[in-house]
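Student: I am new to this structure, and I would like to learn how to read its features. Could we take them one at a time?

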Amino acid sequence: MKSVILFYRYPASSPLEKCLSIPEESGEGGGIDLLKSFLGNSSLPDRRVGAIRGILGCTLLILCLSGFTGLIVNAQNLTDEHKAVEQYIEQQQQFQDSIVNLRRQQVINEILEEIKAQKSVQLSIPSRTTTVADAGELAQDRDALIDLYNSTNGDNWTNSTGWKDADGNFNPVVSNDWYGITVDGEGYVVAIRLGINNLNGQIPGSLSNLTRLQALYLYQNQLVGPIPHELGSLSNLVALDLIYNDFNDSIPPEFGNLSNLRDLFLSHCRLIGSIPTELRRLSELLFLGLNSNQITGSIPPELGELLKLKNLNLFINQVEGQIPPGLAGISTLEILNLGFNQLSGSVPGELSELPSLIRLIIYHNKFTFEDFVSKGFINNIPQFSFAPQDSVDQKIEISRLIGGPLMLNANVDRNTAPPSKYQWFKDGVAITTFDVSNGTFTINDFSAEDYGDYHYYIQNSDAPNLTLKSRIQRIIPYECVEIDFDFTATPFICTNNFTITSPVHSCEELTYSWNFGDGGTSNERDPYHSYASPGTYDVTFTVEYHCDSLCGIQADTVSKQVVVPEQHLDLVETTVNVPSRRIEKVLSASASTFADTWAIPRSDVTVSAKNPYQSGTMGVWRNNGSYVYTVERSSSDPVKIAGDGTFSLNAFNWNYAGLEAIPNWLKANDITNYSEYGFELENKDILGNYSSAIYGYGGQLPAATGQNMKYREMAFTGFEDIDGKSAGNWRLVNETQPFIKFLEVPVGMGALALVKADMASLSTDDSWTVYGFRPFRFIGFPAKVVSDNKVICMKPYPENPDWTIILFEQSVMPHLWAGWIGNIYGNETPDRPDIDETVAHSGKKSLRVTAISTREQDHLTLIPGKDYLIGCWVSVNDMHLTEPKLAEDIGLTITVRDEAGAEIFSANYAPEGPVIEGWQKLSGILSYPLSAAKFDLTFKPGSKGTAWYDDLRLHPLDGNMQSYVYEEETLRLKAVLDENNYASLYYYDQEGKLRIVKKETEKGIKTISESNDHLIEYNQ
């Protein structure tokens, strides 16, 4: 071990004088020359050497270097780059350690001088009031030291002299006799110096109780993390030195509270994380040593607020990003060591103007010449270390055919001033000289000999000691890509999903051709295909693809057998926990729920085709149900007025209303359909019975109300507001009349939907518009509409064969959803309905029929297996008819058809019974068969050539309908037709007052009431 110790004007009376010497065999002429040699600049002016003494903050510099002679070498002369890196690191660590060693001694000397000064003052002024140490605080100091001893395995310390007595007990009073402990004149601990003492364990947070602690030195031990955040409360701390430990933790942000801290040394501690911005508050900080750690992130710009900082060392970390320009505002900065990081970008040129900056190290980062040349660093900073740097540019691989020119580009430092020079190498051999023009290297006629690895070097005259090396640009032979495609077949509910598998490639796939082995084919990439029966099928798949113009169109064919098993639908029950709050002594409770997604068919189909939020299908909140709470009320004998009649309530949970899972809450009413004008069209009571209403006259007045029937299985029109269009669910148009059909989806999952309709009624539609929304608020997905969603396959729902499971091509929502599927249909009828005012059963208008007229009734959705009542009034406009038969072959014909349109049967209905003022009632039962899907309604003129039809209705036989007719001009109620389709007629005077009420019966029309109002003129 050869020691080199430099000294400058250190006081001769110092006890350290005997340790200071310069061995004669060093061959150096003196301390200043040796220091210049160490800094690598023998021409360093003496004024800069004086500034270096300022860097160290004192007049003593101790350098203990092993084998110092010959250690400082120029890295450019080394042939072994790894050896050079090791020497860089060793040199910097030794230099930093020398500064830290000196600072430790300096701080301790200052503390000792302060204590000595305090004692001398107390001795020279006997009359002074002295401070008596608080016994509790001294005990607190002692307890903190004992915690440190116990938590760091004090019994195995290298030196623990004075801590315990001969019996192994801790001495009762802390004193300077405790090894490594310094106390002030009152007995408070002011310094802990236990470096290199085999401390093993964690630093206890209780050290924060040492309220007068100024120096904490625990360096070069085996301490582990975390670093106690409580140390941030040591407001008197001047120096904190924890280097060479193994914390593997981040820097506590609370260290920013150490307002008097001047030295913070945390090197070689395996620190992780980023540098806390809170360190900006260390306004007295002189030295910040964080080198040789694993710190990440960027350098906080806030460090530029440390205006007294002299030394910032981040050597060997993983810091990235740019050097903050704010560091150039620290005029006291003398050493800035940022070597061995991942910094990049422009180095702030203002750093070169710092008056005290002696040493700037940025080597082994990601800087290029553009980042620092021509900024004054080399000329203004005595020790500016910038070489070497990491490799530059991107590593690339170029596939190349033989022939034609090839241009390789250097993408770094193309705009430096002065210009940079480039030299190219192939397979490690130079193929050009350094020249500014070599930023681009061109091979005019590429041949097989030109394949290989290329890289380039960069030099710049402003930084002669640095040569940048690029990453490899590898040129390999070009080969046409041959892709090995494959496919998988996955059974799914009611189909098989064929999916192409292939390695990752950049080629363009052009066409696909599938043969599924059962006669089925497809040109889609990942098709679905449903087999009629299980079995083994030979499936062939061919894909054509194009990689480039040289290789043209290529193809790959895959053939293999696919086993199609019997497919089953496994239903899985899921338990959902629904929370509810318990409320006592409740008198009554009810709840209503609302929804903002409704399947509303618009009379103007262009509105329905718009965005659902524009059409009102979504986004309008309407009531959709009401709930009642049913539970026994409390009672007592004798009666207690304070509590009897109340009950305990499980509070309603609106977020889970759709589950109907809260005990004792019953859904009394469920609104299932609204009109486009916001009127309720259909609801369902607690027993599942439906009630419905039909609105007419511009959708503003109820035309019919029915109990025990759904909206789409009832119809009525009085022919008053037809205007050439359909009315009251009857199809009576003379042109293509769009009709929107909606089917409910009580639950869906992804692309699967459970639809309340059998497969027969769905089989004619290849695609649907799907309206999905969240059924329960806790799912948290918004409403969504998928137009023209193709049906992949369908399967009967095993729990209810009248329902169908549909697999769509596109997913509606990623999780559970509910909603509808809908389609717009159009049908053209052969003639125009003749609405006539010649005669009318009620109101002023009726339908005149002069020829057989048939219209498909696709607005109605009758339920197969159910009986319906068809009824109307028929006239031949003969008020004197005496026979109870209007004409031959007069009345209605209903033709029932299956989904394909084939006729199942037809039924004729003729008017019968008494003729009441020229009108005869038609009534009959339609038994809708199970195989039925739709029906046609035919009007017949009869043998007299003309017939009039009025008050046409249809509803379930077990239901009850009442219908209404209004005056079209005034909208006054003109007639109410009861459950038997008999009318109550209302007549009004010129002022609009009801004057006469008549009732239609089998024996004719009878006057029920009549009233006359008039004013009598009275002359007094």
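Tutor: Let us begin with a cavity, whose walls include Y627, F652, N653, Y656, A657, E660, A661, I662 and W665; these residues line the largest one. The model is predicted, so local features need pLDDT of at least 70 and side-chain atom pairs pLDDT 80 or more, while totals for chains, interfaces and linings use all residues. Residues are numbered from 1 along each chain as its sequence is written, and side-chain values use heavy atoms, without hydrogens and water.

Student: How many cavities of 30 Å³ or more does the structure hold?

Tutor: Rolling a probe the size of a water molecule over the atoms shows where empty space is left. A cavity is a set of points, on a 1 Å grid over the protein atoms alone, where a 1.4 Å probe fits but cannot get out, and lining residues have an atom within 4 Å of a point. Here there are five of 30 Å³ or more, and the largest has about 60 Å³ of space.

Student: Which classes of residue line the largest cavity?

Tutor: Its lining has seven nonpolar residues, one polar and one charged.

Student: Is L666 buried or exposed?

Tutor: Buried means under 20% relative accessible area and exposed over 50%, with partly exposed in between (1.4 Å probe, protein chains only). L666, found in strand β36 (residues 665–674), is partly exposed at 36%.

Student: Where does G404 lie?

Tutor: G404 lies in the loop between β17 (396–400) and β18 (406–409), strands being DSSP runs (E, at least two residues). G404 is partly exposed too, at 28% relative accessibility, and its C-alpha atom is separated by 5.7 Å from that of F446, 42 residues apart along the chain.

Key: On a 1 Å grid over the protein atoms alone, a cavity is a set of points where a 1.4 Å probe fits but cannot get out, and a pocket is an open set with protein on both sides within 12 Å along at least five of seven lines; lining residues have an atom within 4 Å of a point. Grid points are joined across faces, edges and corners, and a volume is the space filled by probe spheres set on the points. Ala, Val, Leu, Ile, Met, Phe, Trp, Tyr, Cys and Pro count as nonpolar, Asp, Glu, Lys and Arg as charged, and the others, Gly among them, as polar. Helices (H or I, at least four residues) and strands (E, at least two) are DSSP runs, numbered from the N terminus.
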